[in-house]
Structures are given as structure tokens and as C-alpha cells.
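I opened my notebook to look up how the strands of one sheet are ordered and how two helices pack. My entries follow below.

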Amino acid sequence: MRAAPSDLPLVLDGVSIAVGGTTILDRLNLTIMPGAPTLIVGPNGSGKTSLLRLCMGLAAPSKGTVSWGGRTHLPQTRRAIVFQKPVMLRRSAAANVAYGLAQAGCPRALRARRTEELLDRVGLLALASRPARRLSGGEQQRLALARALAREPEILLLDEPTASLDPAATRFVEEIILAAAQSGTKIVMASHDLGQVRRLAGDVLFLVRGHVCERADAADFLDRPATPEAAAFVQGELVI
Amino acid sequence: MSETVSAWQLIASGDATLFSIVRLSLSVSLAAATIAVIVGLPLGAFLALARFPGRSAIVVVLNGFMGLPPVVVGLTVYLLLSRSGPLGELGLLFTPAAMVIAQSLLVLPIIAALTRQTIEDLWLEYREELTAMGVGPAGQVATLLWDGRFSLVTALLAGFGRAAAEVGTVMIVGGNIDGFTRTMTTTIALETSKGNLPLAMGLGLVLIVLILLINAAAWGVRLWSERRAG
């Protein structure tokens with residue numbers, strides 16, 4: 001699968017999304033390069049989820065173009081997304097991962113072994129035969145990550161994967177994400193947790209009401225925000 | 001009360017007439033339910049996923065046909081199969097085959113409508129996830145049918161129960177011929193009017209036990225599936 005053409009850089013050129021007169025994303029220009037995780041931060045409704053869906057190719061822009069490695073129409077085999085509330089298939093944990101592997105074109109003979117590796121990677125090997133929908137929230141997020149990693153993605157898009165998790169579960173998920181980033185997967189992740197930005201981010205994309213308000217290295221964004229909105233956000237004030 | 005005692009005696013003694021009637025009833029209804037599933041599952045899945053003009057009308061008609069009056073279905077199939085009807089040359093009227101045809105038409109809307117509902121609900125939930133995984137149309141249908149398997153088994157049992165308990169279609173197209181097309185329900189109707197209550201009551205008991213068993217099975221499938229698959 002590694003022979004497939006690269007999805008990076010991911011380029012958004014003048015991209016807008018409007019639904020029924022409401023502008024969700026407004027003339028975004030954005031290039032995502034390989035490297036450390038890019039975190040998309042911003043208040044609710046700022047367009048984080050829409051941006052991730054665009055990056056996955058699940059939504060078409062109303063205006064502008066999205067391209068992956070210079071191509072606008074690309075099979076999404078080298079990208080994966082984990083939604084904020086991932087849908088667990090009504091099957092065992094192992095069967096969910098095996099399903100992801102099958103969709104990614106993994107040969108049948110290799111699936112059992114790869115499933116075991118992936119479950120082990122997210123610490124769910126002991127729960128392999130458990131029905132996926134009977135797992136806890138944190139376990140479901142880890143299973144969704146395993147299912148996404150089954151695609152061996154070059155870009156892994158994550159929509160607030162720790163939004164409803166306790167600190168222990170959050171830490172577990174962050175470790176999986178960091179390990180994926182270290183093995184060369186480009187992470188693009190929505191978050192509104194500044195601690196998480198500090199722990200994970202290489203750079204930050206700060207979205208407010210569908211505009212990129214600021215883009216900076218994580219340390220700069222957190223310690224020396226350039227815009228008043230970002231400063232307010234970092235200070236913990238309510239940015240709407 | 002003596003009728004009740006004789007009814008039990010008929011069942012307990014393994015009365016040959018009674019059990020041949022039960023056997024015929026079950027095989028006709030099972031065959032009808034099987035045909036309805038073979039046609040109804042793909043039809044329901046198609047209606048759940050496809051978008052075309054007139055789809056809503058078909059869905060409404062299908063839902064309405066779940067409550068189709070059996071005698072009307074019987075009459076329609078009778079007209080089709082009667083000697084002067086378009087399918088009269090097949091000579092199927094007053095045979096078990098005619099009863100299977102009529103009952104499968106009766107059960108088909110139930111299976112198709114319940115399948116459509118199940119698959120459409122599931123699709124709303126799964127759509128983005130399956131699209132993101134790049135699952136093609138055939139894979140989507142297979143995934144949805146498999147993940148809806150427990151609800152679909154319940155739909156099948158509902159259809160089978162309806163077929164086993166109805167009297168109108170089999171009476172009209174089967175003709176209630178002794179030893180050939182006489183089912184539990186038509187026998188009960190006939191024997192009651194003749195005053196032969198033990199056989200009628202014996203068959204009634206068997207029928208009620210069967211319906212209870214089917215419903216218990218549906219309930220069991222649901223409980224088991226909730227534990228197994230969430």
C-alpha cells in the first residue's frame with residue numbers, strides 16, 4: 001500500500017462551505033505538510049468538524065478546491081478519520097478492526113494477525129471478543145483509533161477524540177496518537193483543550209466563526225498569541 | 001368441559017389427522033415466509049438506500065399493505081389462478097402451492113416494510129462512518145443487513161406468525177380440501193360450524209402454543225442480541 005501516491009501536502013485553496021445561506025467556512029487557504037500534529041482549536045461552531053470533513057473528502061466545498069498531493073480527486077485509501085462519536089458496528093471489537101482492515105484492502109490471510117496487532121497497540125487485546133457497543137467511552141475511542149489505523153493512513157483526522165473522556169482515558173488516547181505521529185502519520189486534530197494543545201501540537205490552527213484567525217507554532221500560540229481573539233482564548237476567556 | 005378433555009386426548013394420542021393438518025399448516029407458512037424473505041430483504045434494503053421519484057409513495061403503500069386484509073389477498077390470487085384467470089393454465093388453484101403464493105404475498109409487505117425501517121434507521125447512523133471507510137454500495141447493503149440481523153429475524157418471525165394464524169387467504173385459494181389443503185385455521189372454522197369441537201379446540205391449542213413459541217423466540221433473540229452485540 002505504501003506505493004500509492006502521497007496525500008500530502010493537503011491544500012485548501014479559497015475554500016468556503018455555505019449551507020442554506022449560513023457560511024460555515026469562509027475562504028480558507030491552508031496547507032498541511034508532513035510533520036508534528038496540527039491541532040485545530042476554536043470555540044464550538046467555529047467550523048472545526050466541517051474542516052475535518054473537507055480534509056477527509058466527505059464534504060465538497062461550496063467554493064474553492066481541496067487537493068491531496070496535488071490531486072483533487074483521490075481515493076481516500078490513505079486517509080482516515082475518527083469522528084467525535086465514532087459508530088461502533090454491532091459486532092465484536094476484533095470484528096470492527098477486521099472490517100476496517102478489509103475495507104482498506106488488507107488480504108484475508110493477514111487480517112487475523114493484523115487485527116491482533118492493532119488491538120494490542122490500543123490496549124484492547126483482552127477485550128477482543130467483547131461486543132464493541134458494550135465497551136466504555138474511552139475503550140470505544142481506542143477501538144475507533146485502531147479501526148482508523150488499520151487503513152495505515154498517511155493523514156489521520158481526529159475530531160475531539162477525548163472530548164468526553166476522563167483524564168486517565170484521555171492520556172491513553174493521547175499516547176496512541178503520539179505513537180502514530182512518531183511513526184510518521186500526519187495528525188490533524190480538533191480540540192478545545194489547551195492542555196492537550198501543549199502536550200500534542202506541533203502547530204496550531206485557530207478557527208473563529210469559519211475564519212483562520214491565527215496559525216502558529218504551538219509554543220508561540222500558547223505563550224505569545226498574535227491576535228486578541230487568540231489571546232482571549234488562551235487566557236481562558238469565552239471566545240464566541 | 002368434555003370437549004377440552006377430548007381436545008387434549010387428541011393431542012396427547014398423536015392423532016394422525018390433527019398432526020397432518022399441523023404439518024401442512026407449518027410447511028405452507030414456512031415456505032411463504034421464506035419466499036417473502038428472499039424477495040422482501042433486498043426490496044426493503046433497496047427502498048431504504050435508493051432515492052428516486054415515487055419512493056415515498058411506494059413506502060407508504062408498503063406500510064399500508066402490512067395490514068392487508070387476508071380475504072382480499074385470497075380473492076386476488078383466486079382470480080389470478082382460477083381457470084379463466086391469467087395464470088389459470090398452471091392449474092394451481094386449490095393446491096398447497098396456491099396457498100404458499102397467497103401467503104407469501106400477504107407476508108411480503110411485512111418483511112419488506114420492517115426491513116426498510118430497520119435498514120434506513122441503521123443507515124442514518126452508519127452513513128458517515130461507512131463513507132469514510134470507502135465502503136461501496138454492495139458492501140453497504142451487506143453491512144447493514146448483517147448489523148440489522150437481530151431486528152430482521154424478528155421481522156421474519158412476525159411474518160411467519162401472521163401467515164400461520166390467518167384463515168382468509170388459505171380458505172379461498174386452498175379450498176379447505178380434506179387431507180390436501182386443510183390447515184389449522186380453516187379446519188377450526190369448518191369443524192366449529194359442524195359442531196366437532198374437540199378437533200377445533202385441539203388445533204386451537206396447538207396454534208396458540210405455536211404463536212406463543214414464535215413470540216418467545218422473537219423476545220429471546222432480542223435479549224440475546226442486546227447482550228451479544230449491543
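I first looked up the open sheet of six strands in chain A, and I noted its order as S5-S6-S7-S3-S8-S9, with mixed pairing. Strands here are DSSP runs of E with at least two residues, helices are runs of H or I with at least four, and both are numbered from the N terminus; two strands pair if DSSP finds at least two bridges between them. Strands S5 (79–82) and S9 (211–217) of chain A are at the edges with a single partner strand each, so one side of each has no neighbour in the sheet.

This is a predicted model, in which local features need pLDDT of at least 70 and side-chain atom pairs count only at pLDDT 80 or more, while totals for chains, interfaces and linings use all residues. Residues are numbered from 1 along each chain as its sequence is written, and chains are lettered from A and ligands numbered from 1 in the order in which they are written.

Next I checked strand S6 (residues 155–159) of chain A, which runs parallel to strand S7 (residues 186–191) of chain A and is joined to S7 by five bridges. Within this pair I found Ile155(A) opposite Lys186(A) in S7(A).

I then turned to chain B, where helix H5 (residues 96–132) and helix H7 (residues 149–165) pack at about 160 degrees with their axes 9 Å apart (axes are lines fitted to C-alpha atoms, for helices over the stretch in contact, and angles run from 0 to 180 degrees between N-to-C directions).
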